[in-house]
Amino acid sequence: MGSLATILRRIVVFLLVDNWRITLVMVAGAAAVYLLLPRPRAQKTVFGAGLGLLAVLVAGALLVGMRAVNAEAFLFYAFSATAVIAGGLLVTQRNPARAALSFALVVLSTCGLFLLLAAPFLAAATAIVYAGAIVVTFLFVLMLAQQEGPSDADYRSREPLLSAIAGFILLGVLLYVLQANFDLRPLDKLLSATDSLIGQMERATATNEKNQLLERAVALTKEYEKLAETQPDLPASRYLRDAVGRADGIYTEGDVARMRDLLASMHARARELERSVGTLRPSEERSTLSELSGPASSRQSSELRRDRTARPAMPAENTAHLGRSLFSDYLLAVELGGTLLLVATIGAIAIADRGPAASPRRRLP
Amino acid sequence: MSTLPLHHYLVVGAVLFALGMIGFLARRNLIVMFLCVEMMLQGVALNLVAFARYRGNLQGQSFVLFILTVAACEAGIALALVLTLYRSRHTLDVSAWQDLREANLEPTIDEEPLPAEPEAAPEPKLTPAGIEPVHHEETSHV
């Protein structure tokens, strides 16, 4: 039973101490959705809306990791806040026509995010197919099938508490994993420790103090090596790994000034590493796809051409490259997609056909 | 010059996916359930496009095009099905189909009554506007 208690304590510490912000977002969001889901009696929408707004704001504050807010960040926050709020409205709205319109808003703001991600063709296609065709078809069906006044379908929810909890547990797990992988705080701590050590080295005079500082510097280079293992194939990581051997050499010589220079250059390289957190790493296997849609997935990330923000550069002609990729690498998939559309059209007509049993004469009263 | 890290987009995609899942589980209107599924697809598409951007190629975007195709097929079929279901039970409520459940499960019964429908405003009645004038056969021809 002792091990069970320690496991429980570790879970509680993980949820409420280490990651209390994410837990707060999850609890507030789940409570908001639970309060706002439709039910027959009069609802206290103010509480739910307030909690939902709190969750969105705290989640946004969690994401703000930018040193300076630029146009891209501003547009990202605007579009994603619109998408998330409209998504909440879609889930909690009683009137299905309004739900369809908030779905259109979700789609349009996702299209804005697509534009930020250098996908103009997809933004246009999604706006036309989803916000144009699909939403309008839904509205037609609603007009055909909608009843007057309150109905069971719109004024009741199935298990609102359980579904809110399930959804937010899923979201919480995803966010914990993302935070574990994209957290920059260990790197920041290491960088500030290096800064302070360099400052102390400049001031140090006594021999035994110098030796102590050199020992600490070697320990720091070990930390940097551990960090470099997380992104092994960047040039900066290779430099950091080599630097460990050099630091050992300098330590045996006892040269403080050279150690200081080495630490400073490692500091600069680690900053590069920080900028490339979140860029993807390729698999070792050879890709069977061509390079028509940009560098193949087997290319190492050190081979990628990068812009000045350390993100890989995208092909300039989005639509042309997409088309070439579709009609070379994905030709079979395109053909299958076309066949699927044809089959779906035939199937929809076959299903929606009334058949002889519902001829107009029999439908009349 | 700083840039947005990848996980910003992944978080938005995850939120859209989770909200769509909640909607699909909790709502009872067939059409709203379907819209929620489409929103989950949007979350996935956002993830794929973000991965493509941070890898520097277009393969993720090609995947999203196929998602669009499949979503369009799905919308057509599902709306045809919804219409058929509506014709046989005259409601969009999924719980109208709960007799398809397994034999050992209890049916869910709605206990709370629905709110009363608000009284419709009475339709305006026109007051008679005097005596109807006599129509002359001759004047009706031009």
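In the predicted model, Glu229(A) is placed in the loop that runs between helix H10 (207-228) and helix H11 (235-253) of chain A. Its relative accessibility is 46%, and because partly exposed residues are those between the 20% and 50% limits, Glu229(A) is counted as partly exposed. Although Glu229(A) and Arg241(A) are separated by twelve residues in sequence, their C-alpha atoms lie 8.4 Å apart in space.

The chain to which this loop belongs is built from 15 helices and contains zero strands. Of the 365 residues in chain A, 40% are buried. When the contacts in chain A between residues at least 6 apart in sequence are considered, 63% of them join residues that are at least 24 apart.

Another loop of chain A, the one between H5 and H6, holds Ala118(A). This residue has a positive phi of about 60°, although Ala118(A) is not a glycine. The value deserves notice because most residues other than glycine have a negative phi. Ala118(A) has a relative accessible area of 25%, and is therefore partly exposed, since the limit for a buried residue is under 20%. A positive phi is also found in chain B, where His90(B), likewise a residue other than glycine, has a phi near 60°. The position of His90(B) is again a loop, in this case the one between helix H3 (59-89) and helix H4 (137-140) of chain B.

A contrasting environment is that of Ser325(A), which belongs to helix H13 of chain A. Its relative accessibility is 0%, so that Ser325(A) counts as buried. If residues up to four places away in sequence are left aside, Ser325(A) touches Ser293(A) and Tyr330(A) of chain A, together with Ser62(B) of chain B.

The contact between the two chains involves 110 residues from chain A and 84 residues from chain B. About 8,900 Å² of area is buried between chain A and chain B, and carbon and sulfur atoms give 72% of this area. On the side of chain A, the residues that lose the most area to chain B are Leu117(A), Phe138(A) and Arg158(A), which together account for 8% of what that side buries.

As for polar interactions, 14 residue pairs are in polar contact between chain A and chain B, counting pairs in which both residues have a pLDDT of 80 or more. The count of salt bridges between the chains is one. This salt bridge is formed by Arg156(A) and Asp110(B), whose closest N and O atoms are 3.3 Å apart. Several helices of chain A give two or more residues to the side that touches chain B, including helix H4 (71-92), helix H5 (96-116), helix H8 (160-182) and helix H14 (331-352). The largest share of that side comes from H6(A), which gives 13 residues. By residue type, the side of chain A that touches chain B divides into 70 nonpolar, 28 polar and twelve charged residues.

With regard to confidence, the model has an ipTM of 0.83 and a pTM of 0.82. In chain B the average pLDDT is 86, and 94% of the residues score at least 70. Where pLDDT is low, the predicted coordinates should not be read in detail.

Key: Residues numbered from 1 in each chain as written. Chains lettered and ligands numbered in written order. Predicted model: local features only at pLDDT ≥ 70, side-chain atom pairs only at ≥ 80, totals over all residues. Heavy atoms only, no water. Contact = heavy atoms within 4.5 Å. Buried area = accessible area lost by both parts, 1.4 Å probe. Salt bridge = Lys/Arg side-chain N within 4 Å of Asp/Glu carboxyl O. Polar contact = N/O pair within 3.5 Å; in protein donor to acceptor, adjacent residues only side chain to side chain. Helix = DSSP H or I, 4+ residues; strand = E, 2+ residues; numbered from the N terminus. Nonpolar A, V, L, I, M, F, W, Y, C, P; charged D, E, K, R; others polar. pLDDT = per-residue confidence, 0-100. Buried < 20%, exposed > 50% of the residue type's maximum accessible area, 1.4 Å probe, protein only.
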